[in-house]
Amino acid sequence: MLDINLIRSNPDMVREKLARKGYEVNFAEFLELDANRRQLIGETERLKAEKNKTSAEIPKLKKEGLDTTEVMARMKQVSDQTREIDEQLAELNARQQSFLEALPNLPADDVVAGGKENNEVIKVVGTKPEFAFAARHHVDIVEKLGIIDYTRGAKLGGSGFWVYRKDGALLEWALLNYFMSCHLRDGYEMMFPPHILTYQCGYTAGQFPKFKDDVFQLRRDDGEDFTHFILPTAETALVNLHRDEILSEEELPLKYFAYTPCYRKEAGSYRAEERGMIRGHQFNKIEMFQYTTPEQSDAALEELVAKAAELVEGLGLHFRISKLAAGDCSASMTKTYDIEVWIPSMDDYKEVSSASNAGDYQSRRGNMKFRRQSTGKTELMHTLNASGLATSRILPALVEHYQQADGSVIIPEVLRPWMGGREKIEVK
RNA sequence: GGAGAGAUGGUCGAGUUGGUUUAUGGCACCGGUCUUGAAAACCGGCGAAGGUGAAUAGCCUUCCGAGAGUUCGAAUCUCUCUCUCUCCGCCA
């Protein structure tokens with residue numbers, strides 16, 4: 001959510017920045033509504049002040065044995081009047097709220113306008129692998145090795161699910177262990193959050209109400225609307241950890257990571273082009289998350305990107321880092337870097353990590369603050385998140401990069417400690 | 001799933017025959033006096049959001065788990081919901 005004072009004091013600046021995200025808005029009606037709203041607040045508060053003052057007098061008058069019927073009649077009038085104004089106010093507040101919560105975050109000053117086409121590749125690591133034989137698609141490789149079972153995955157969960165088996169399961173677990181060991185080394189706190197979250201969690205993250213139909217929703221037996229959902233990313237959980245809290249400045253930055261599967265409906269996604277495990281309804285991901293002061297968040301974003309890049313680099317995969325244009329960033333984010341790994345069979349780079357700074361956008365939605373030591377005042381925190389990493393695209397990239405002519409796959413050195421020290425996954 | 005108890009501003013904890021409580025008091029914390037320094041003692045301060053202000057000054061409004069209701073007036077009465085704790089049952 002944006003700062004309403006910013007819109008009041010500088011609507012043109014806000015409008016211009018939102019336009020860079022491709023979001024057109026006119027604040028004229030909003031500002032008029034806001035002025036109207038504030039006038040009503042003044043009216044009702046004056047009446048309430050009178051009510052409070054008089055109410056204190058009533059017991060005194062009664063004690064003196066005076067007649068209070070006239071005063072009470074006047075108070076009844078005041079009461080009815082405030083009730084009427086408060087009803088109008090409630091409606092204006094609701095309208096203002098839904099307008100405000102629909103506005104995306106403002107892009108950072110160094111983020112260029114426009115959509116995907118304006119994304120800028122800022123770093124390329126490694127080179128495209130070359131093969132002296134006919135390179136295979138990852139689906140063919142893993143099926144031949146018998147380490148991913150798509151057929152039975154679909155039998156269990158339907159289209160968009162798979163089963164990791166044997167060395168595939170081990171490899172998946174090795175990747176997660178490798179990621180986690182790096183985060184622990186860097187002093188991030190490990191946690192396992194619930195996978196089923198309340199509606200409020202999606203709201204704070206900035207994913208709801210707009211994208212509430214993209215998640216798997218859970219309804220109570222008698223409920224019309226859903227109260228819980230299965231998390232689409234651990235970010236949704238981590239961003240709510242300190243909701244409605246005031247932290248002390250010395251605690252910041254707080255650095256967390258969590259492993260969870262991610263569950264997404266992906267309704268209407270193009271499956272044909274993305275054969276295999278590029279886009280499934282469930283995938284494993286480790287998410288990094290930071291709570292910072294406003295002045296810490298720029299450096300925190302750089303740290304998160306560097307960490308994610310280090311993980312991919314450690315696996316020896318070819319990848320690039322893109323700085324997203326304003327329109328390609330998620331609604332909640334001021335600035336986003338994507339790390340995209342090369343998938344030979346697709347002749348393309350695919351996102352394996354997205355690192356973003358939400359500024360105070362999520363904090364305002366979730367009322368997440370810290371107390372500034374120098375002033376003693378509360379301020380909104382900044383929140384940042386980055387995958388570190390999702391495995392569903394790493395594993396395909398990995399088996400394609402490291403495939404051998406005989407169908408076996410070399411295991412990157414960093415994963416071997418979790419693969420029984422072996423160097424290769426062999427065709428049996 | 002059944003029964004019971006509870007939820008008060010950082011924390012502990014008063015207040016529930018509705019009205020001089022503007023939400024006691026202790027602790028913690030902050031400032032000051034005292035002290036070579038510290039402790040103790042004493043004095044003062046000490047929640048959040050909003051409106052109006054140039055104001056981080058005043059003044060006003062709201063908030064006692066959440067929402068609705070009764071009333072001139074609700075922490076206190078009524079209803080619904082959420083969460084926590086205890087006991088019983090069931091269970092990986």
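# A tour from strand S12 outward

Begin by selecting strand S12, residues 335-343, where nine of the nine residues are buried, so the strand is largely enclosed by the rest of the structure. Keep in mind throughout that this is a predicted model. If you colour the side chains of S12 by the direction in which they point, you will find both faces covered: Lys 335, Tyr 337, Ile 339, Val 341 and Ile 343 are buried on one side, while Thr 336, Asp 338, Glu 340 and Trp 342 are buried on the other.

Next, add the strands that pair with S12. Strand S11, residues 319-323, pairs with S12 in the antiparallel sense over five bridges, and here you can place Ile 321 opposite Ile 339 of S12. Strand S13, residues 348-357, also pairs with S12 in the antiparallel sense, over nine bridges; select Asp 338 together with Ser 354 to see a residue of S12 and its bridge partner in S13.

Now follow the chain from S12 into S13. The hairpin that these strands form has four residues between them, and Asp 347, which lies in this loop, is the residue to pick out. What sign does phi take at Asp 347? The value is positive, about 55°, although Asp 347 is not a glycine. Most residues other than glycine have a negative phi. Asp 347 is exposed, because its relative accessible area of 58% lies over the 50% cut-off.

For a second backbone of this kind, move to Asn 367, in the loop between helix H11 (361-366) and strand S14 (368-371). Phi of Asn 367 is near 55°, again a positive value in a residue other than glycine, and with a relative accessible area of 34% Asn 367 is partly exposed.

The peptide bonds come next. Most peptide bonds are trans. Select Phe 208 and Pro 209, however, and you will see a cis bond between them, with omega near 5°; Pro 209 belongs to the loop between helix H8 (199-205) and strand S6 (216-218). Then select Gly 388 and Leu 389, which are also joined by a cis peptide bond, here with omega near -5°, and note that Leu 389 is found in strand S16, residues 382-390.

Return to Phe 208, this time for its ring. The structure holds 15 aromatic pairs, and one of them is formed by Tyr 199 and Phe 208, whose ring centres are 5.0 Å apart and whose planes make an angle of 40°, a tilted arrangement. Is each of these two residues buried, partly exposed or exposed? Tyr 199 counts as partly exposed, at 29% relative accessibility, whereas Phe 208 counts as buried, at 2%. Widen the selection to Phe 226 and Phe 229, and you have one aromatic cluster made up of Tyr 199, Phe 208, Phe 226 and Phe 229.

End the tour with two places where a charged side chain lies over an aromatic ring. Select Lys 307 and Tyr 188 to see the lysine over the face of the tyrosine, at 4.6 Å from the ring centre. Then select Arg 365 and Tyr 203, where the charged end of Arg 365 sits over the ring of Tyr 203, 4.3 Å from the centre of that ring.

How values were computed. Residues numbered from 1 in each chain as written. Chains lettered and ligands numbered in written order. Predicted model: local features only at pLDDT ≥ 70, side-chain atom pairs only at ≥ 80, totals over all residues. Heavy atoms only, no water. Buried < 20%, exposed > 50% of the residue type's maximum accessible area, 1.4 Å probe, protein only. Helix = DSSP H or I, 4+ residues; strand = E, 2+ residues; numbered from the N terminus. Pairing = 2+ DSSP bridges. Phe/Tyr/Trp six-rings, centres within 6.5 Å; stacked < 30°, edge-to-face > 60°. Lys NZ or Arg CZ within 6 Å of the ring centre and 35° of its normal.
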